[in-house]
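Here are some notes on the model, set out as numbered points. They take up local geometry, sheets, helix packing and empty space in turn.

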Amino acid sequence: MSHTLDSLETRPPEQRERELMMRLPQLVARAKAAAGWSRILKDVNPADVNSRAALATLPVTRKSELHALQSQQTPFGGLNTTPVGQLARVYMSPGPIFDPEGRGADWWRFARPMYAAGVRAGGLLQNCFSYHFTPAAFMVEGGAARIGCTVIPAGSGQTEMQVQAIATLRPDTYVGTPSFLKIIIEKAQELGADVSSIRRALVSAEALPESLRGWFAEHGVAQVLQVYASADIGSIAYETRTGDTRDAGMVLDEDLILEIVRPGSGDTVAPGEVGEVVVTLFNPDYPLIRFATGDLSAILTDAPPSPCGRTNTRIKGWLGRADQTTKVRGMFVHPSQVHDIARRHPEILKARLVVSGQIAQEAMTLHCEVADPVKAQASASEAAIVESIRKLTKLRGEVLFVAPGSLPNDGKVIADVRDYQ
């Protein structure tokens with residue numbers, strides 16, 4: 001039996017890259033047919049967007065902007081290419097943010113992570129994602145239908161009924177959040193119920209620390225893997241069965257292009273550096289071009305080929321949020337402002353704004369990586385950068401020059417280290 005869903009997952013990387021770039025101009029052309037994308041990409045010639053370098057010149061559309069876009073043009077901000085009346089479902093997340101689902105099979109591309117987790121035709125899984133307003137449960141439904149697996153539509157909550165369903169129907173797989181799986185197992189222990197049929201789990205929407213993964217193994221769930229997904233995109237990346245998930249990373253989906261950019265900008269970071277996840281999605285109903293998720297991650301650069309046989313790029317998974325907006329003395333300071341300050345001064349290789357001290361008595365210091373800190377300190381650069389800080393943030397800030405490589409590789413552009421006690 002194959003360990004991969006199809007041959008796309010084992011393509012030579014060069015072939016995958018070539019085929020994605022060949023599809024890119026068509027994606028941009030289709031997107032420009034939608035009113036929202038037509039405004040965003042108004043000066044873009046789709047035929048010219050046929051490489052990563054060309055893609056990197058296009059504007060970034062951030063998830064944080066969706067509410068404003070959708071308020072201007074309900075429900076999807078004009079980013080959908082399929083009319084609302086021809087979609088399968090419309091979802092509403094808090095905000096509210098509206099997300100579409102088209103009528104294509106496995107529209108959210110969830111069969112790949114499910115297959116990687118061991119879900120197979122003829123199996124039975126308990127789907128514990130919510131069926132109420134948000135799409136996670138339907139992502140699972142689409143993947144299960146493609147694979148040929150039967151679903152118990154359990155949803156979230158009603159813990160005792162969840163235990164009863166597992167004890168009676170004996171599903172082999174759990175899909176949902178890791179915290180709810182722990183609650184179900186603990187309730188089963190309390191009730192003296194047998195839920196040992198659950199041998200594997202695919203989890204998402206929450207962090208999965210190794211300590212919790214170990215706890216599941218101790219309680220009979222031998223394999224627990226994660227999928228990184230969002231309500232706008234569907235599956236982005238997923239863990240595979242490699243023996244040691246801690247160092248294996250997450251394999252990218254086959255239908256998207258990933259970029260990692262400096263938070264607050266559209267500039268790609270060096271391979272291996274932490275930054276914001278930006279996705280270009282080949283979706284016929286809801287194409288996304290350089291869509292910034294607000295999540296931090298990094299590309300694995302020094303890992304050996306995955307033992308599972310999949311050849312796509314791997315990322316480190318979710319490493320935090322990119323939106324580090326901070327309020328200082330009543331004024332919001334945004335990552336984009338830090339990026340704009342650095343862009344004004346070419347000598348700055350990398351910048352990180354550190355906010356320290358106590359509330360109402362805080363200090364802002366812009367830590368700047370430069371080629372020669374001593375030379376920079378003796379030049380006029382410090383005064384010029386201080387002036388840029390004042391102009392762009394309306395706040396006073398200091399400057400500290402440091403050597404290249406001194407700043408942490410954690411994706412932070414703004415670090416709030418104030419004492420809140």
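1. Gly 95 adopts a positive phi near 145 degrees in the hairpin of β2 and β3, where three residues lie between the strands. The model is a predicted one. The two strands of this hairpin, β2 (residues 89-93) and β3, run antiparallel and are joined by five bridges. Ser 93 has Ile 97 of β3 as its bridge partner.

2. β3 (97-101) also belongs to the surroundings of the largest pocket: together with α6 (136-147), α9 (210-218), β8 (223-230) and β13, each supplying at least two residues, it contributes to the lining. Which element gives the most to this lining? That is β8, with five residues.

3. The volume of the largest pocket is about 1,100 Å³. Its lining comprises 46 residues, and those closest to the centre are Ser 204, Ala 205, Glu 206, Tyr 228 and Ala 229. Divided by class, the lining holds 22 nonpolar, twelve polar and twelve charged residues.

4. α9, one of the elements that line the pocket, also packs against helix α8 (residues 178-191), the two axes coming within 11 Å and crossing at roughly 35 degrees. The crossing is left-handed. On the α8 side the contact uses Pro 178, Leu 181, Lys 182, Ile 185 and Glu 186, and on the α9 side Leu 212, Trp 215 and Phe 216. By class this contact has six nonpolar, no polar and two charged residues.

5. β13, another contributor to the pocket lining, sits in an open sheet of four strands ordered β1-β13-β12-β11, in which the pairing is mixed. β1 (61-62) and β11 (256-261) are the edge strands, each pairing on one side only. β11 and β12 (residues 275-281) run antiparallel and are joined by six bridges; within this pair, Glu 259 has Val 278 in β12 as its bridge partner.

6. Helix α1 (residues 13-32) lies across three strands of that sheet, namely β11, β12 and β13 (288-297). The direction of α1 is at about 90 degrees to β11.

7. A further open sheet of four strands has the order β19-β18-β17-β20, again with mixed pairing. Its edge strands are β19 (398-402) and β20 (414-416), each of which pairs on one side only. On average, neighbouring strands here are turned by 25 degrees against each other, direction ignored. β17 (residues 350-356) pairs with β20 in the parallel sense over three bridges, and Val 354 has Ala 415 in β20 as its bridge partner.

8. Two helices pack on this sheet. Helix α10 (residues 335-344) touches β17, β18 (363-369) and β20, and its direction makes about 130 degrees with that of β17. Helix α12 (residues 381-393) touches β18 and β19, with a direction at about 130 degrees to that of β19.

9. How many cavities of 30 Å³ or more does a search of the whole structure find? The search finds one. The largest cavity has a volume of about 80 Å³. It is lined by 14 residues, of which Arg 262, Glu 273, Lys 350, Gly 411 and Lys 412 are the closest to its centre. The lining divides into six nonpolar, two polar and six charged residues.

Definitions and conventions:
Residues are numbered from 1 along each chain as its sequence is written. This is a predicted model: local features need pLDDT of at least 70, side-chain atom pairs count only at pLDDT 80 or more; totals for chains, interfaces and linings use all residues. Side-chain values use heavy atoms; hydrogens and water are left out. Two strands pair if DSSP finds at least two bridges between them. Contact means heavy atoms within 4.5 Å. Axes are lines fitted to C-alpha atoms, for helices over the stretch in contact, and angles run from 0 to 180 degrees between N-to-C directions. On a 1 Å grid over the protein atoms alone, a cavity is a set of points where a 1.4 Å probe fits but cannot get out, and a pocket is an open set with protein on both sides within 12 Å along at least five of seven lines; lining residues have an atom within 4 Å of a point. Grid points are joined across faces, edges and corners, and a volume is the space filled by probe spheres set on the points. Ala, Val, Leu, Ile, Met, Phe, Trp, Tyr, Cys and Pro count as nonpolar, Asp, Glu, Lys and Arg as charged, and the others, Gly among them, as polar. A crossing is left-handed if the near helix is turned anticlockwise from the far one by less than a right angle, and right-handed if clockwise.
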